[in-house]
There are 2 protein chains.
Amino acid sequence: MESKVMSIGVVCELTGLSERQIRYYEERKLIFPERTKGGNRRYSFEDVKAIQDIYQKMQEGFNTLELKEMKKSKTPRCTPAFR
Amino acid sequence: MESKVMSIGVVCELTGLSERQIRYYEERKLIFPERTKGGNRRYSFEDVKAIQDIYQKMQEGFNTLELKEMKKSKTPRCTPAFR
DNA sequence: CGTGTAAGGAATTCTGACACG
DNA sequence: CGTGTAAGGAATTCTGACACG
């Protein structure tokens, strides 16, 4: 499992997100796709799930930095609406 | 399951076979990858398993036509060495 | 901050064919 | 029959930047 086999185009289809969004999550250190020799990204199904979670949380109002911290400490948090 | 998400390059890495071999199996109607709008092939993990089985059987001496018939009628066969 | 986009280039894949056998 | 290869083109992906906000 955890095999990185999908190109970004497939991930876009599976998630409904844009390449820009997916690359941005990587830029913010939220996902870690592998690279081919040529430099192309390769994602796993777990990456796809992570991407969907990230997008979900962002819809709830969290920003990428908060999401990164949530990853470290798995402690529950109030939704932004209640802070 | 059965999601067609891999490009041929990834399948080559996973199987150790060449693009030529993989495309040939498709030409002989042994595997059925999907296509992107642009015409690029997309394979599933089941396709990868099928490809490995095909290669295995060919190593044993079967040709592609025999393998296609084996798919239809799941009846056991003698290996080529014993025919 | 998060995302769209145009720009130019590079990696990847495609088809049809010739070759060998 | 099964597979390698060179050929030319097309689809896909990449980066860095400008934009808006």
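A residue belongs to the surface near a strand if one of its heavy atoms lies within 4 Å of that strand. The exercises below apply to a predicted model.

**Exercise 1.** Describe the surface near DNA strand C by residue, class and element.

Solution.
1. There are 22 residues around DNA strand C, and those that come nearest are Ser18(A), Tyr24(A), Thr64(A), Ser7(B) and Arg41(B).
2. On the DNA side, 77% of the strand C atoms that come within 4 Å of the protein belong to sugar and phosphate.
3. By class, the surface has 11 polar, seven charged and four nonpolar residues.
4. By element, α2(A) gives the largest share, four residues.

**Exercise 2.** Find polar atoms of the protein that lie close to phosphate oxygens of DNA strand C, and state whether each is in a side chain or the backbone.

Solution.
1. In chain A, a polar side-chain atom of Ser18(A) is 2.6 Å from a phosphate oxygen.
2. For Arg28(A), the corresponding distance from a polar side-chain atom is 3.2 Å.
3. In chain B, Gly9(B) places a polar backbone atom 3.0 Å from a phosphate oxygen.
4. Elements giving two or more residues to this surface are α2 (19-27) of chain A, and α1 (8-15) and α2 (19-27) of chain B.

**Exercise 3.** Characterise the contact between chain A and chain B.

Solution.
1. Each chain is represented in the contact: 10 residues from chain A and 10 residues from chain B.
2. The chains bury about 730 Å² between them, with 58% of it on carbon and sulfur atoms.
3. In chain A, the residues losing the most area to chain B are Val5(A), Val10(A) and Phe45(A), together 53% of what that side buries.
4. Two salt bridges cross the interface. Lys37(A) forms a salt bridge with Glu13(B), with the closest N and O atoms 2.5 Å apart.
5. Helix α1 (residues 8-15) of chain A gives the most to the chain A side, three residues.

How values were computed. Residues are numbered from 1 along each chain as its sequence is written. Chains are lettered from A and ligands numbered from 1 in the order in which they are written. This is a predicted model: local features need pLDDT of at least 70, side-chain atom pairs count only at pLDDT 80 or more; totals for chains, interfaces and linings use all residues. Side-chain values use heavy atoms; hydrogens and water are left out. A polar contact is a pair of N or O atoms within 3.5 Å; within protein, one must be able to donate a hydrogen and the other to accept it, and residues adjacent in sequence count only if both atoms are side-chain atoms. Ala, Val, Leu, Ile, Met, Phe, Trp, Tyr, Cys and Pro count as nonpolar, Asp, Glu, Lys and Arg as charged, and the others, Gly among them, as polar. Contact means heavy atoms within 4.5 Å. Buried area is the accessible area (1.4 Å probe) that two parts lose on being put together, summed over both. A salt bridge is a side-chain nitrogen of Lys or Arg within 4 Å of a carboxyl oxygen of Asp or Glu.
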